[in-house]
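Student: I should like to learn how to read the features of a structural model. May we take them one at a time?

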Amino acid sequence: MEVRVGLGFDSHEFDEDKPLVLGGIRFEGHRGLKGHSDGDVILHAITDALLGAVGEGDIGELFSDDDSRWKGADSRVFLGEALKRVREKGFEVVNVDCVVVADSPRISPAKRAIRERIASLMGIPPDRVSVKGKRKEGFSGEDGISCICTVLLMR
Ligand code: MG
């Protein structure tokens, strides 16, 4: 058996004019995230972790910000392409672990919905997906949301 680990990170600034989408779940009434696509930092971090684990580059190489095809894109498309490459190499996803760093919105009430959505998008049971919310606790970074994620693959 061969195992691979992948690491992904993403960060987007808030954008008043966009809806907030995290892990494929829409947060009604909260400002969204700036970005060429829908700004879904969780799906972007998972996509990068998957690509990294199989040595297939990164999300910026595959879906460039300069390419108009990806303007306003649904990030599920990016995740789907990464999963296709994982499967083409004979790997399956063992588990995904994500930390979402955000002061607002609170992640915990939506954790279950996000886990279930990610699991369904990836075709794995929800107990193989973990989503943890973490506040910045005074750290004055950019006003936005970031996500760090690891994935484990095996074949
Ligand atoms: Mg991104």
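**Reading the model**

Tutor: Let us begin with one residue: Ile25 has its place in strand β2 (residues 25-33). Helices (H or I, at least four residues) and strands (E, at least two) are DSSP runs, numbered from the N terminus. This is a predicted model, in which local features need pLDDT of at least 70 and side-chain atom pairs count only at pLDDT 80 or more, while totals for chains, interfaces and linings use all residues. Residues are numbered from 1 along each chain as its sequence is written, and side-chain values use heavy atoms, with hydrogens and water left out.

Student: Is Ile25 buried or exposed?

Tutor: Buried means under 20% relative accessible area, exposed over 50%, and partly exposed in between (1.4 Å probe, protein chains only). Ile25 has 14% relative accessibility, so Ile25 counts as buried. From Ile25 to Gly72, 47 residues away in sequence, the distance in space is 16 Å, C-alpha to C-alpha.

Student: What is the average pLDDT of the protein chain?

Tutor: pLDDT is the predictor's confidence in each residue, from 0 to 100. The protein chain has an average of 94, and 97% of the residues score at least 70. Among the elements of the chain, the highest mean, 98, belongs to helix α1 (residues 41-53), and the lowest, 92, to helix α2 (residues 59-62).

Student: Which residues are the protein donors of the magnesium ion?

Tutor: Donors are N, O and S atoms within 2.8 Å of the metal (3.2 Å for Na, K and Ca); water is not among the atoms, so sites may look incomplete. Here the protein donors are Asp10 (OD), His12 (NE2) and His44 (ND1), at 2.1 to 2.2 Å from the magnesium ion. Their spacing in sequence is D-x1-H-x31-H. Asp10 counts as buried because its relative accessibility is 15%, and His12 counts as buried at 14%.

Student: How should the largest pocket be read, and what is its volume?

Tutor: Rolling a probe the size of a water molecule over the atoms shows where empty space is left. On a 1 Å grid over the protein atoms alone, a pocket is an open set of points where a 1.4 Å probe fits, with protein on both sides within 12 Å along at least five of seven lines; lining residues have an atom within 4 Å of a point. Grid points are joined across faces, edges and corners, and a volume is the space filled by probe spheres set on the points. The largest pocket has a volume of about 160 Å³. It is lined by 13 residues, of which His36, Ser37, His44, Phe63 and Asp65 are the closest to its centre. Strand β1 (3-22) and helix α2 are the elements that give two or more residues to this lining.

Student: How many aromatic pairs does a search of the whole structure find?

Tutor: Rings of Phe, Tyr and Trp (its six-membered ring) pair if their centres lie within 6.5 Å; planes under 30 degrees apart count as stacked, over 60 as edge-to-face and the rest as tilted. The search finds three such pairs. Phe63 and Trp70 form an edge-to-face pair, because their ring centres are 4.8 Å apart and their planes stand at 90°. Phe63 is buried at 8% relative accessibility, and Trp70 is buried at 15%. Phe63, Trp70 and Phe78 make up one aromatic cluster.

Student: Why is Cys147 not bonded to Cys98?

Tutor: A disulfide is a pair of cysteine sulfur atoms within 2.5 Å. The closest cysteine sulfur to that of Cys147 is in Cys98, 4.6 Å away, which is too far for a bond. Cys147 lies in strand β5 (residues 144-154) and is buried at 0% relative accessibility.
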